[in-house]
Amino acid sequence: MPPFLMRMLLWLRHPPSRNQRIAIAVICGIGIGFAAVEWLVGWPEWLTPERVPRGPRLTAP
């Protein structure tokens with residue numbers, strides 16, 4: 001049985017506490033918030049990685 005199905009089965013038999021459900025909801029909300037901002041505003045240019053050109057390799061004489 002796949003692990004995620006086992007986890008779902010465990011959560012059905014022993015549901016998480018109220019504080020755990022709140023923490024899960026907050027984490028999901030933060031992730032959805034970041035995705036919404038990225039979708040509406042776009043990815044900032046300063047966070048885009050740039051390729052570093054490789055210079056000539058120096059070898060030992």
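Here is a walk through the structure, from its overall outline down to a few single residues.

Keep in mind that this is a predicted model. Start with the inventory, which is short: the chain holds two helices and zero strands. Now step back and look at the outline. The C-alpha trace spans about 70 × 35 × 20 Å along its principal axes. Its radius of gyration is 23 Å, whereas a compact globule of 61 residues would come in near 10 Å.

What share of the 61 residues is buried? Just 2% of them. As for the surface, the chain exposes about 6500 Å², and carbon and sulfur atoms supply 68% of that area.

Next, go to the N-terminal end. Helix α1 covers residues 3–13, and Phe4 is found in it. Is Phe4 buried or exposed? Phe4 has a relative accessible area of 53%, and the cut-off for exposed is over 50%, so Phe4 counts as exposed. Phe4 also has company on the surface: together with Met1, Leu5, Met6, Met8, Leu9 and Leu12, Phe4 makes a nonpolar patch of about 760 Å².

Moving along, you reach the loop between α1 and α2, where Ser17 is found. Ser17 has 38% relative accessibility; that falls between the 20% and 50% limits, so Ser17 is classed as partly exposed. Ser17 is a handy place from which to look into the second helix. From Ser17 to Ile30 is 13 residues in sequence and 20 Å in space, C-alpha to C-alpha. Going on to Ile32, 15 residues from Ser17 along the chain, the C-alpha separation is 23 Å.

Helix α2 itself runs over residues 18–41, which makes 24 residues. How far does α2 reach from its first C-alpha to its last? The span is 34 Å, close to the 34 Å expected at 1.5 Å a residue.

Two residues give a feel for the surroundings of this helix. Ile32 is found in α2, and its relative accessible area is 59%; with the line for exposed drawn at over 50%, Ile32 is therefore exposed. Gly29 lies in α2 too, but at 41% relative accessibility Gly29 counts as partly exposed. Gly29 also helps you gauge the distance to a later part of the chain: Pro53 is 24 residues away in sequence, and the two C-alpha atoms are 39 Å apart.

Finally, look at what comes just after α2. There sits Gly42, with a positive phi of about 105 degrees.

To put the picture back together: two helices and zero strands, a radius of gyration of 23 Å, and 2% of the residues buried. On α1, Phe4 is exposed and belongs to the nonpolar patch.

Methods: Residues are numbered from 1 along each chain as its sequence is written. This is a predicted model: local features need pLDDT of at least 70, side-chain atom pairs count only at pLDDT 80 or more; totals for chains, interfaces and linings use all residues. Side-chain values use heavy atoms; hydrogens and water are left out. Patches are made of residues with over 30% relative accessible area and no salt bridge: like charges are joined within 9 Å, nonpolar side chains (Val, Leu, Ile, Met, Phe, Trp, Tyr) within 5 Å. Accessible areas come from the Shrake-Rupley method with a 1.4 Å probe; for residues, only the protein chains shown count as cover. A salt bridge is a side-chain nitrogen of Lys or Arg within 4 Å of a carboxyl oxygen of Asp or Glu. Helices (H or I, at least four residues) and strands (E, at least two) are DSSP runs, numbered from the N terminus. Buried means under 20% relative accessible area, exposed over 50%, partly exposed in between (1.4 Å probe, protein chains only). The expected span of a helix is 1.5 Å times one less than its number of residues. The radius of gyration is taken over C-alpha atoms; the globule rule is 2.2 Å times the number of residues to the power 0.38.
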